[in-house]
Amino acid sequence: MKAWASAVAALLLLPGAAHAGLNDSVAAAQSGDYLGAVKALAVSLEETLTTAIDTAAPKVERGLGTIEALIGDAYYYGHGVSRDYGEAVRMYRKAAAKSNATAQSTLGDIYFYGRGAPQDFVEAVKWWTLAAEANIATAQLNLSVMLANGDGTPQDYVSAHMYANLAASQLPPGEDRDTAIKNRDIVAKLMSREQLAEAQRLALEWRAKQSN
């Protein structure tokens, strides 16, 4: 529920948002049709995008990507609608094309498990890489495993250690964080001293870049 509300709030801050679309969205939400509410927001954003000035267009694009990712979530998890992996993939791909990192990460999951699309480790690595570059910790964890095992990508212990290290530093206490730490330590035992130093250097550079 909070995610849907946040999407509405984000749209309300956009200049020139189509009020008709907002009214339709509010009406749908009040009736309990949350998927309909998000779709109405998407229409409103698309109308805004056609008239947005150059400086506003990127913000609107990002907003529309968020809405499309939420619609993908509704179909992927069956929130307020029958679960439909095929439709979820279609919406996630639209959101991912607008650089929505959460959608990119979920597409990695989809291709890894073969849900709504044929299982394809190369595609999983592709989407997890994009999400990991956008600093999504779970994508960094998943990508580190693929790199360590050489699944869908050439084996690369240096990058695997770096991404596991980054994931471990961001994930909250729990199973995922424990897994990231365990994987990082396992990979470290397979690396030379020079490789380990390189991986640690890359992780430090990454964190410095993110803090700027």
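**Exercise 1. Getting an overview**

What percentage of the 212 residues of the protein chain count as buried? Find the make-up of the secondary structure as well.

*Solution.* Start with the ground rules. This is a predicted model, in which local features need pLDDT of at least 70 and side-chain atom pairs count only at pLDDT 80 or more, while totals for chains, interfaces and linings use all residues. Residues are numbered from 1 along each chain as its sequence is written, and side-chain values use heavy atoms, with hydrogens and water left out.

Step 1: Of the 212 residues, 41% count as buried. Buried means under 20% relative accessible area, exposed means over 50%, and partly exposed lies in between (1.4 Å probe, protein chains only).

Step 2: The chain has 11 helices and zero strands. Helices (H or I, at least four residues) and strands (E, at least two) are DSSP runs, numbered from the N terminus.

Step 3: Now look at the contacts, meaning heavy atoms within 4.5 Å. Among contacts with a separation of 6 or more, 51% join residues 24 or more positions apart.

**Exercise 2. Following helix α8**

Describe the length of α8, its buried residues and what comes just after α8.

*Solution.* Step 1: Helix α8 covers residues 137–149, which is 13 residues. From first C-alpha to last, α8 reaches 19 Å, close to the 18 Å expected at 1.5 Å a residue. The expected span is 1.5 Å times one less than the number of residues.

Step 2: The buried residues of α8 include Gln140, Leu141, Leu143, Met146 and Leu147. Their partners are α6 (101–113), α7 (121–133), α9 (157–170), α10 (175–188) and α11 (193–211), against which the buried residues of α8 pack.

Step 3: Just after α8 comes glycine 150, with a positive phi of about 70 degrees. Glycine 150 sits in the loop between α8 and α9 and is partly exposed, with a relative accessible area of 30%. Glycine 150 and phenylalanine 121 are 29 residues apart in sequence, and their C-alpha atoms are 10.0 Å apart in space.

**Exercise 3. Finding the cores**

Which residues touch the most other members of the largest nonpolar core?

*Solution.* Step 1: A nonpolar core is a set of buried Ala, Val, Leu, Ile, Met, Phe, Trp, Tyr and Cys residues joined through side-chain atoms within 4.5 Å.

Step 2: The largest such core has 37 residues, and Tyr92, Leu107, Ile110, Leu143 and Tyr163 touch the most other members. At least two residues of this core come from each of α4 (57–77), α5 (85–97), α6, α7, α8, α9 and α11.

Step 3: Zoom in on leucine 143. Leaving aside neighbours within four places in sequence, leucine 143 contacts Val125, Trp128, Thr129, Ala132 and Tyr163.

Step 4: There is also a second, separate core of six residues, among them Leu141, Ala167, Leu171 and Ala180.

**Exercise 4. Comparing two helix pairs**

Work out how α9 is oriented against α10 and against α11.

*Solution.* Step 1: Look at α9 itself. α9 is mostly covered, with 11 of its 14 residues buried.

Step 2: α9 and α10 pack at an angle of about 150 degrees, with axes 8 Å apart. That makes α9 roughly antiparallel to α10. Axes are lines fitted to C-alpha atoms, for helices over the stretch in contact, and angles run from 0 to 180 degrees between N-to-C directions. Angles under 35 degrees count as roughly parallel, over 145 as roughly antiparallel, 65 to 115 as roughly perpendicular and the rest as oblique.

Step 3: The axes of α9 and α11 come within 8 Å and cross at roughly 45 degrees, and α9 and α11 are therefore oblique to each other. Residues making this contact include His161 and Leu166 of α9 and Leu202 and Trp206 of α11.

**Exercise 5. Checking single residues**

Is serine 105 buried or exposed, and where is serine 99 found?

*Solution.* Step 1: Serine 105 is in helix α6 and, at 6% relative accessibility, counts as buried. Beyond four places in sequence, serine 105 touches Trp127, Trp128, Ala131, Ile136, Thr138 and Ala139.

Step 2: Serine 99 is in the loop between α5 and α6, and its 59% relative accessibility makes serine 99 exposed. Its phi is near 65 degrees, a positive value in a residue other than glycine.
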